Amino acid sequence: MRPLSATEAISPAIERARDVLTRPFRWQTFLKLTAVAFFAEIGGSFNTSFPGRSHGATGLSPAVVAFFVAFAVLIGVVALILGLILFYIGSRLQLVLVEVVATRQSWISPVWRRVGPSTWRWIGLKILYFLAVIALVVLLAIPFVLYFGLHFHDLGNFFHGAFAGLHIFTIVLMVLGAIAVLMVFAAVYMLLRAFALPSFVFEDVTISESLRRVRNLVAAEPGQIALFLLLKMLLVFVFAIAAEIGIFFILLLSLIPFAIVGGILWFALHSAGAVGTAILIAAAVVGGLFFIVWIFLVCIAILGSVYTFSQAYSLYFLGGRYPLLGDLLDRSTPLPWYAQAPHAPPATLPPQPAPEPQQPAPPQPAPEPPQPEPEPPQPEPPAPDPAV
């Protein structure tokens with residue numbers, strides 16, 4: 001597979017996403033693959049948070065405060081455990097998604113089992129990156145902390161004293177700088193996921209080897225890598241916005257049958273007494289649960305398709321620079337329609353006349369039997385010599 005530029009990889013990535021999800025189209029397979037992409041994206045980042053501190057506990061007894069603190073700690077521990085489980089599942093599904101898109105594999109269980117050992121290396125790399133990000137954020141935040149500390153006098157005039165010497169333009173630059181730093185952190189993580197993750201999937205390399213490969217790729221083509229990251233951010237952003245608009249209109253149209261059924265039930269049962277009220281409440285609960293499940297499925301189907309394209313775009317850009325991956329993409333790419341079957345004649349051609357039946361050939365006379373060849377003449381014996 002030849003190396004593709006950042007713009008050339010867009011079209012085959014779209015075709016690969018279509019091939020993986022819809023060729024052939026089956027609802028069960030489509031929802032399964034989009035769920036893999038959805039949870040790989042949602043659960044693959046470490047975003048566990050703890051409940052915030054409450055400011056409304058003034059005047060409560062120490063026992064009540066202790067109860068709320070213990071309850072908050074319990075909720076925080078449960079949230080941490082669930083977040084870690086989701087983080088592990090999402091990280092493992094990220095490896096599964098790479099192989100599914102690269103090989104057009106629709107069976108998830110064998111891939112899930114195979115990528116188990118590589119998952120811990122990928123998680124280790126992400127944790128190292130997150131720790132490095134935290135360290136850099138702390139270093140960048142020290143000047144701001146010192147500045148606000150020097151200008152802090154009391155809580156009443158904190159913001160007035162902190163921002164008294166700053167102009168609007170300076171504040172805007174600070175906000176833009178913070179956004180730029182966040183974009184750089186996101187781009188580096190995207191770089192690791194696009195270029196380090198396939199090495200874990202197909203070769204189970206070490207963390208140091210994966211980082212060495214990423215560094216070599218960036219050093220070889222820094223311009224194309226930068227363009228790839230920029231286009232991927234823009235494409236995913238645009239497709240995500242379009243997906244959210246599609247989800248909104250689908251759900252808006254989906255409310256129509258629920259409203260019709262609900263209106264019919266209300267007109268039929270609102271005056272039926274306690275039994276009618278109970279039936280209405282039960283129908284509302286069942287309909288609400290069904291609608292929540294429908295919302296969940298729609299989000300998985302649409303957003304999962306976007307995330308599948310994002311993964312395909314990364315693989316096609318990397319395929320020409322990673323021979324093992326490029327060979328997998330070539331071997332798993334179906335032939336175009338015109339190469340799968342011979343061309344059929346166009347339907348607009350005039351009908352051809354049927355060929356006239358041929359007359360049978362007259363019977364040929366039987367060949368004569370072969371005549372035996374005459375024997376060659378025998379040489380005559382020599383005449384006796386009269387002198388003898």
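These questions and answers walk through aromatic pairs, charged groups and helices in a predicted model.

Biologist: How many aromatic pairs are there?
Modeller: The model is predicted. Rings of Phe, Tyr and Trp pair if their centres lie within 6.5 Å. By this rule the count is 21.

Biologist: Are the planes of Phe39 and Phe296 stacked, edge-to-face or tilted?
Modeller: Planes under 30 degrees apart count as stacked, and those over 60 as edge-to-face. The ring centres of Phe39 and Phe296 are 6.2 Å apart, and their planes are at 55 degrees. So the pair is tilted.

Biologist: How many residues apart in sequence are the parts that Phe39 and Phe296 tie together?
Modeller: Phe39 lies in helix α2, residues 27-43. Phe296 lies in helix α11, residues 273-319. The pair therefore ties together parts whose separation in sequence is 257 residues.

Biologist: Is Phe296 buried, partly exposed or exposed?
Modeller: Buried means under 20% relative accessible area, and exposed means over 50%. Phe296 has 42% relative accessibility. Its partner Phe39 has 28% and counts as partly exposed. Phe296 also counts as partly exposed.

Biologist: What kind of pair do the rings of Phe309 and Tyr313 form?
Modeller: Both residues lie in helix α11, four residues apart, about one turn of the helix. Their ring centres are 6.2 Å apart, with planes at 15 degrees. Planes under 30 degrees apart count as stacked. So this pair is stacked.

Biologist: Is Tyr313 buried or exposed?
Modeller: The cut-off for buried is under 20% relative accessible area. Phe309 has 6% and is buried. Tyr313 has 1%, so Tyr313 counts as buried.

Biologist: Which residues form one aromatic cluster with Phe309 and Tyr313?
Modeller: Phe309 and Tyr313 form a stacked pair. They also belong to one aromatic cluster. The other members are Phe195, Phe228, Phe239 and Phe317.

Biologist: Which residue has its charged end over the ring of Phe317?
Modeller: Phe317 is part of the aromatic cluster. A charged end sits over its ring, 4.2 Å from the centre. That charged end belongs to Arg321.

Biologist: How far apart are the end C-alpha atoms of α2?
Modeller: Helix α2 has 17 residues. At 1.5 Å a residue, they should span 24 Å. The distance in the model agrees with this: 23 Å.

Biologist: Which residues is Ser199 in contact with, leaving aside its neighbours within four places in sequence?
Modeller: Ser199 lies in helix α8, residues 197-202. Ser199 is buried, with a relative accessible area of 3%. Its contacts beyond those neighbours are Asp204, Val205, Arg213 and Tyr322.

Biologist: How far apart are the closest N and O atoms of Arg18 and Glu15?
Modeller: Side chains of opposite charge can pair when their charged atoms come close. Arg18 and Glu15 are three residues apart in helix α1, residues 10-22, so about one helical turn separates them. They form a salt bridge, with the closest N and O atoms at 3.3 Å.

Biologist: Which residues do salt bridges that share partners join into one network?
Modeller: Arg23 forms a salt bridge with Glu15, at 3.2 Å between the closest N and O atoms. Arg23 also meets Asp19 in a salt bridge, at 2.7 Å. Asp19 is buried, with a relative accessible area of 7%. The shared partners join Glu15, Arg18, Asp19 and Arg23.

Technical notes. Residues are numbered from 1 along each chain as its sequence is written. This is a predicted model: local features need pLDDT of at least 70, side-chain atom pairs count only at pLDDT 80 or more; totals for chains, interfaces and linings use all residues. Side-chain values use heavy atoms; hydrogens and water are left out. Rings of Phe, Tyr and Trp (its six-membered ring) pair if their centres lie within 6.5 Å; planes under 30 degrees apart count as stacked, over 60 as edge-to-face and the rest as tilted. Helices (H or I, at least four residues) and strands (E, at least two) are DSSP runs, numbered from the N terminus. Buried means under 20% relative accessible area, exposed over 50%, partly exposed in between (1.4 Å probe, protein chains only). A charge sits over a ring if NZ of Lys or CZ of Arg is within 6 Å of the ring centre and within 35 degrees of the ring normal. The expected span of a helix is 1.5 Å times one less than its number of residues. Contact means heavy atoms within 4.5 Å. A salt bridge is a side-chain nitrogen of Lys or Arg within 4 Å of a carboxyl oxygen of Asp or Glu.
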